[in-house]
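This briefing goes through selected parts of a protein model, topic by topic. Keep the sequence and the 3D view open while reading.

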Amino acid sequence: MSHYVDSEVGRLGTVLLHRPGRELARLTPRNNDSLLFDGIPWVGRAQEEHDKFAAALRDRGVEVLYLADLLTDVLGTAFARAELTEAVLSDVRLGDTLRAEVAVHLADLDPAGLATVLMAGLAHEELRTGSGLVYSLLDRHDFIIDPLPNLLFTRDSSVWVGGEVAVTSLAMPARSRETTLTHAIYRHHPRFAGTPLVYEPGLEHLEGGDVLLLGPGVLAVGVGERTRPAGAERLARRCFARGLAHTVLVVPIAQERATMHLDTVCTMVDVDAVVMYPNVADSLEAWTVTAGEDDELRIFPPEPFLTAAAKALGIDTMRVIDTGLDPITAEREQWDDGNNTLAIAPRLCVAYERNVETNAQLERAGIEVIRISGSELGSGRGGPRCMSAPVNRAPLGH
Ligand SMILES: NC(=[NH2+])NCCC[C@H](N)C(=O)O
């Protein structure tokens, strides 16, 4: 089965989602900040909202793959099971005694049970027979294996560039283990057999929310709180060497929570149109990077992002649709992921219903908007684009 993505907007064929599960029930007022959530979501309602998101995609003919299903399949093989178990057991905080006890606990689980622990973590009271110094000194609120509530945002832990997949390297400690799961899925699931990997975890920080496939051969990579310039540099070099891209626009973004990823301020809704936060539309800049001699990079001085993007795509101008109408609405709707739309096809996108003005702006510009509710899903600060990793889109290139 072939998988291919060369744009943000080509008709979406297959997407990887994660239906939120028990890992969301781990969030408490004590840990939600370090686990990168702004509140304590109502889990059942978040699942309902997510099911409606998936249904909206399926209604338009999109195949939805669930991360938990792929992970469970992969855990059916002994070597993948050993690799993923080792990834949690290698945590230096465990110490030898507790490590051995956790190993016994995990060895007893069937693939679905182990998948749940890898995603939702292991709480103190869930390990029945703990002993030793580390276990005795653990607070009963501490986790023996940390939960991964941000798995919901599948966008960040892998991104396809053409026919290759970049398994990313997540910056925040609360998320870095996520890529052990996507890495195992892409290397061991029969569906993805033979897929080349253009990036692996453990390299310089790179997050999928920062990577926009502006068009065939043209990438924009936000650098800021998450993706580091060194990550953008390595991705550019590898994409050029493999013929996956000819231009990478490196886009510095403010290192703040509201703008943690490039896709929180700008996403594409048509082959030549973006929905963009007006407060940054004029100030956002891009360093254009192309392939030079002998694996060197050619780096051009920064220019306005929209100018650089239009040039790289070979079009006259990029159309810009503003978030909100006035500065206050824009700020509110940017925070609520008004810019974080997921295109199902050119001029057809999924958006949170609460961003009333932004959605109206999109419609005025001729973009059809499928509205979903996200009152609970949004508490992790991510919208439809963050919650989806396209695996297959109809190519825009030739
Ligand atoms: N592509 C994105 N914008 N993802 C949003 C991720 C949100 C998540 N809580 C984090 O802080 O990492």
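In which sense do strand β16 and strand β17 pair, and over how many bridges? Strand β16 (residues 342-345) and strand β17 (residues 348-352) pair in the antiparallel sense, over three bridges. The model is a predicted one. The points below cover hairpins, sheets, helix packing and the surroundings of the ligand.

**Hairpins**

- Within the pairing of β16 and β17, A345 has L348 of β17 as its bridge partner.
- Two residues lie between the strands of the β16 and β17 hairpin, and R347 there takes a positive phi near 65 degrees.
- Another antiparallel pair is made by strand β13 (residues 285-291) and strand β14 (residues 297-304), with six bridges.
- Across this pair, A286 stands opposite E303, which belongs to β14.
- The hairpin of β13 and β14 has five residues between its strands, and D294 in this hairpin has a positive phi near 50 degrees.

**The sheet of β2, β1 and β19**

- This open sheet has three strands in the order β2-β1-β19, and its pairing is mixed.
- β2 (63-66) and β19 (389-393) are the edge strands, each with a single partner strand, so one side of each has no neighbour in the sheet.
- From one strand to the next, the twist averages 20 degrees.
- Strand β1 (residues 12-17) pairs with β2 in the parallel sense, over four bridges.
- One bridge in this pairing joins L16 to L65 in β2.

**The sheet of β11, β12 and β15**

- Three strands in the order β11-β12-β15 make up an open sheet with mixed pairing.
- β11 (266-270) and β15 (319-322) stand at the edges with a single partner strand each, so one side of each is left without a neighbour in the sheet.
- Neighbouring strands here are turned by 35 degrees against each other on average, with direction ignored.
- β11 pairs with strand β12 (residues 273-276) in the antiparallel sense, over four bridges.
- In this sheet, T267 stands opposite V275, a residue of β12.
- Helix α12 (residues 356-364) lies across β11, β12 and β15, and runs at about 150 degrees to β15.

**Helix packing**

Two packed helices are described by the angle between their axes and the distance between the axes. The pairs below are given in those terms.

*α2 with α7*

- Helix α2 (residues 67-74) and helix α7 (residues 178-188) have axes that come within 9 Å and cross at roughly 65 degrees.
- Their crossing is left-handed.
- On the α2 side the contact is made by L67, L70, L71 and V74, and on the α7 side by L181, A184, I185 and H188.
- By class, the residues of this contact are seven nonpolar, one polar and no charged.

*α3 with α7*

- Helix α3 (residues 78-89) packs with α7 at an angle of about 165 degrees, and the axes are 10 Å apart.
- Why is α3 called roughly antiparallel to α7? The angle of about 165 degrees makes α3 roughly antiparallel to α7, because angles over 145 degrees count as roughly antiparallel.
- The crossing of α3 and α7 is right-handed.
- A80, E83, L84 and A87 in α3 meet three residues of α7, namely T180, A184 and H188.
- The contact of α3 with α7 holds four nonpolar residues, two polar and one charged.

*α2 with α5*

- The angle between α2 and helix α5 (residues 111-120) is about 125 degrees, with the axes 8 Å apart.
- That angle makes α2 oblique to α5.
- The crossing of α2 and α5 is right-handed.
- A68, L71 and T72 of α2 make the contact with P111, A112, A115, L118 and M119 of α5.
- The classes in the contact of α2 with α5 are seven nonpolar, one polar and no charged residues.

**Around the ligand**

- How many residues surround the ligand, and which are the closest? The ligand is surrounded by 15 residues, and the closest are L36, G209, H261, G382 and C386.
- The shell around the ligand consists of four nonpolar, six polar and five charged residues.

Terms used
Residues numbered from 1 in each chain as written. Predicted model: local features only at pLDDT ≥ 70, side-chain atom pairs only at ≥ 80, totals over all residues. Pairing = 2+ DSSP bridges. Axes fitted to C-alpha atoms, helices over the stretch in contact; angles between N-to-C directions. Contact = placed C-beta atoms within 7 Å. Near = placed C-beta within 6 Å. Nonpolar A, V, L, I, M, F, W, Y, C, P; charged D, E, K, R; others polar. Left-handed = near helix turned anticlockwise from the far one by under 90°. Parallel < 35°, antiparallel > 145°, perpendicular 65-115°, else oblique.
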